[in-house]
Every structure is written in structure tokens, then in C-alpha cells.
Amino acid sequence: GFRPKHILVTGGCGFIGANFVRYVARNHPDVHVTVLDKLTYAGNPENIAGLPQSQVELVVGDICDTALLNRLVPECDAIVHFAAESHNDNSIADPEPFIATNVEGTMRLLEAARAYDVRFHHISTDEVYGDLALDDPERFTERSPYRPSSPYSASKAASDHLVRAWVRTYGLRATISNCSNNYGPYQHVEKFIPRQITSILEGMRPKLYGTGANVRDWIHVDDHSSAVWEILTRGSIGETYLIGADGERSNIDVLRMILRLMGQPEDAFDWVCDRPGHDRRYAIDPTKLRTELGWRPAHTDFERGMQGVIDWYTNHRDWWEPAKVVTEARYRAQDQ
Ligand code: NAD
Ligand code: TDX
């Protein structure tokens, strides 16, 4: 296996990146971490606060900044690339930053990794495969065709293709993982689960898009982190691994669970207009990751995981209240 000593984590002040940095600090105290994050609306240095300063260092900057990459990348033996514009609704309102960060930014990082011969792991999403019908018996596999629906998922698909091209053409030592929907602490309040929990805590009614029949395949963010660590250290170069934990649920079922756990009537929400092009269903077949690398999720009780997330948002109002005001104003302007 590959034993990294110093990793560069892009987007390490966002939801999944920060949880990954915390995972590494907890489980691999010998690994040094440099976080490179632009601190967009989605990035918050609080997300990695309290970690040992001797282990984790934050550099505020843009992954598109070649001069900065030429300074940071030679010091590392691996890049784990989480930085992205990540929200579908934002990409529908304004696609431009998605191309700049997700496509151009990934290209800049790949060029730096190539120049300094650094191991690269690319974090991607199951959304690159488009959607499945609600009653389709199939799930996504590593062989599913690319068929992205939104500007966000198209930009992530583009970034995956760039990584594959750099592997094939330049021999870059890279791997890709495409994960399903994550839940856990530090997730931005624009996303489905934190939006609904924080709305209830604020005395506002949750908002369900369309019919609520859309299905997402939920995985706890710590299980995503453990899978990424296995792929980074034991995955085969040039390979793609799908990450999922058999967590398919319809949106309306998830919302009713949240309402019930928070002591509300199960119909105490509003139906709002649907997301344009709304993907119906995502579902991951994680067989390759399980058989090749022996990975297993630790969080298999979704209701228990959800209770943990509700408790976290209940106890971290100072963390989310400023973003809540801004986010709901943005949604109101879109009638969502
Ligand atoms: P997020 O929006 O919470 O965090 C993104 C982070 O990237 C922020 O800290 C932001 O400041 C930073 N960033 C954005 N543009 C940057 C730039 N140009 N330079 C440097 N930093 C920049 O996103 P997330 O939900 O944590 O997602 C992280 C990654 O995981 C993304 O690549 C996303 O596509 C992927 N992913 C997310 C999910 C999910 O359920 N959230 C599922 C599968 C894959
Ligand atoms: O208020 C809402 N009401 C609602 O019904 C919001 C914010 C969302 N939804 C629906 C839309 C989706 O069907 O809930 C589902 C989940 O929505 P999001 O949290 O926006 O996630 P999704 O669009 O599925 O994308 C997420 O998973 C894949 C991440 O944001 C992506 O970064 C990741 O690639």
C-alpha cells in the first residue's frame, strides 16, 4: 500500500473535506495535512477548528492559482481533491463558477500533480451517471455510461474525464471515487437534510420539491471518509470506485423521519415547485469497493445517524444561523 506522509486536501473547509480532515487527524496522527480552500460561501474555517496546529495547516487560496499550487504541491506526496461548487440549485441559477472551479480548477491541480509527480485522488459524485427510473432494478456501477443532467453534474463529469485523460496520456498516479449523497455534521444549510432540520429549529416549515418521490442513496460522511482513505492507500492506480452504503430513501420518507424525530406532525411541510431537470433516483452498487478493498460502512442505522445529525444542528446554532438567513433569502428569490 501507499503510505502518505503529507497530503494536500482541497476544499478542506467544506462539508465533506472538513470531515475527512477530522477523520485523518483522528485515525492517522502521523500524516500532515495542508488544507487549500478559497473560503467561498460554503467554506468555513470553523469546520476544522480545534485540530492540532502541528498536524493541520490552512492555506486560504484558489485551486485555479497556478503560482500557489507550484508552492504547495511539491511539499506533498498526495492530493485529495474535494474543492468544488457543489450545489445543484446554485448551478441552475448561475453555472459559471461551476466551470471555473470544477473544470478549470481540476485541470490546474492535475497539471501541478503531473509536474511534481504527486499521487492524486479525485472526489466525484454518482450524479455523473444521470438518474435511474424509480422502479429500475439496476444500480450505478463503474461501467455505467456518463449522462449528467445539471450544470453541476456536467461539470463534475468533465472533471472525471480530465482525470482519466491525465492517467492515460501522462501516466498520472490517480484514482477517482464517485459517492452517493452524504449526510453528517458541518453540511451547509442549503442542502436537503440540514435545510429541513434548521427550518424546524427556526419555526419555519420544511420545503419539499415536486412530489417528494425522488430517491437519494444516503451515506454517512464518516463512511465516505473511510472509503476515500482505503482507495488512496490501497486502490489501484487509474481505477474508479463507486462509494455507497445501500441507503436508498425517497425524499418524502426522509422528511417525514426528520419531522417525527423532531416531534412534529408528519404533514407539517410545504410542497414547493420542482427543481428543473430534477434527477429521479440515484443508487450505487458498491460491490467493487467491498470485494476489492474489503471496505464496509460503519453507520448502517439511518435513523440513528439522523438523530445524531439533528442533535448536532440543535447544539450548533451559532455555526449555522448566519448562513441560514442568507440561504433562505436566496431560495425565496427562486420560489423554493
Ligand atoms: P461544499 O460546498 O460543502 O464544500 C466545498 C469546499 O470547496 C468549500 O470549503 C469551498 O470554500 C471550497 N472551494 C470552492 N471553490 C474553491 C476554489 N476555487 N478553490 C479552493 N477551494 C474552493 O461541498 P461538499 O458537499 O463538501 O462536497 C465536496 C466534494 O464532494 C465535491 O467535489 C462534491 O462534488 C463531492 N461530492 C459531494 C457529495 C454530497 O453529498 N455533498 C456527494 C458526492 C460527491
Ligand atoms: O429544500 C429542498 N427540498 C427538496 O426537496 C432541497 C434543498 C432539496 N430537495 C430535494 C432535491 C433532491 O432530490 O432533496 C434531494 C437532495 O437535494 P440536495 O441536498 O440539493 O442534494 P442533491 O441534489 O441530491 O446533490 C447532492 O448529492 C450529490 C450534493 O449536493 C452533491 O454535491 C452531490 O454530488
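## Exercises on a predicted two-domain chain

Over residues 8–306, the chain is 38% helix and 17% strand, with the end C-alpha atoms 30 Å apart. Helices (H or I, at least four residues) and strands (E, at least two) are DSSP runs, numbered from the N terminus. That stretch is the one covered by the UniProt annotation "domain: NAD(P)-binding", from an unreviewed entry; UniProt positions are given in the numbering used here, feature names are shortened, and annotations may be inferred rather than shown by experiment.

This is a predicted model, where local features need pLDDT of at least 70 and side-chain atom pairs count only at pLDDT 80 or more, while totals for chains, interfaces and linings use all residues. Residues are numbered from 1 along each chain as its sequence is written, and chains are lettered from A and ligands numbered from 1 in the order in which they are written.

### Exercise 1: two helix lengths

Work out what end-to-end span helices α10 and α5 should have, and check each against the model.

Step 1. The expected span of a helix is 1.5 Å times one less than its number of residues.

Step 2. Helix α10 (residues 302–314) has 13 residues, so 18 Å is expected, and its end C-alpha atoms agree at 18 Å apart.

Step 3. Helix α5 (residues 151–170) has 20 residues, so 28 Å is expected; the end C-alpha atoms are 28 Å apart, which agrees.

Step 4. Now look just past the end of α5: Gly171 takes a positive phi of about 70° there.

### Exercise 2: which side of the helix is buried?

Find the buried residues of α10 and α8, and say how they sit around each axis.

Step 1. Sort by neighbour count: a residue is buried if 20 or more other C-beta atoms lie within 10 Å of its own, exposed if 12 or fewer, and partly exposed in between, with C-beta atoms placed from the backbone.

Step 2. For α10 that picks out Gly305, Met306, Val309, Ile310 and Tyr313. They cover an arc of only 140° around the axis, which puts them on the same side of α10. The arc is that of the directions from the helix axis to the C-beta atoms.

Step 3. For α8 (251–261), the buried set is Asn251, Val254, Leu255 and Ile258. Their arc is only 95°, which puts them on the same side of α8.

Step 4. The spacing fits a general rule: an α-helix has 3.6 residues a turn, so residues three or four places apart point the same way.

Step 5. Next, find the packing partners. Two residues are in contact if their C-beta atoms, placed from the backbone, lie within 7 Å. The buried residues of α10 pack against β7 (182–183), α6 (192–201), β10 (219–220), α8 and α11 (317–333). Over the buried residues of α8, the cover includes α6, β8 (207–209), β9 (215–217), β12 (248–250) and α10.

Step 6. After α8 comes Gly263, with a positive phi near 75°.

### Exercise 3: the domain contact

Describe how domain 1 and domain 2 meet.

Step 1. The bounds, which come from an automatic or database domain assignment, are 6–183 + 218–243 for domain 1 and 192–215 + 247–274 + 299–330 for domain 2.

Step 2. Taken over C-alpha atoms, 26 Å separate the two centres. The contact takes 8 residues from domain 1 and 10 residues from domain 2.

Step 3. On the side of domain 1 that touches domain 2, β10 and α7 (221–234) each supply at least two residues.

### Exercise 4: loops and odd phi angles

Place Leu39, Tyr186, Thr211 and His278, and say how exposed each one is.

Step 1. Leu39 lies in the loop between β2 (32–37) and β3 (56–60). Its phi is near 55°, positive in a residue other than glycine, and with 14 other C-beta atoms within 10 Å it is partly exposed.

Step 2. Tyr186, in the loop between β7 and α6, also has a positive phi, about 70°, although it is not a glycine. It is buried, with 22 other C-beta atoms within 10 Å.

Step 3. Thr211 sits between β8 and β9 and counts as exposed, with 12 C-beta neighbours inside 10 Å. Thr211 and Trp271 are 60 residues apart in sequence, yet 7.7 Å apart C-alpha to C-alpha.

Step 4. His278 is in the loop between β13 (270–272) and α9 (287–293), and is partly exposed with 16 other C-beta atoms within 10 Å. Not counting residues up to four places away in sequence, His278 touches Tyr209, Gly210 and Asn214.
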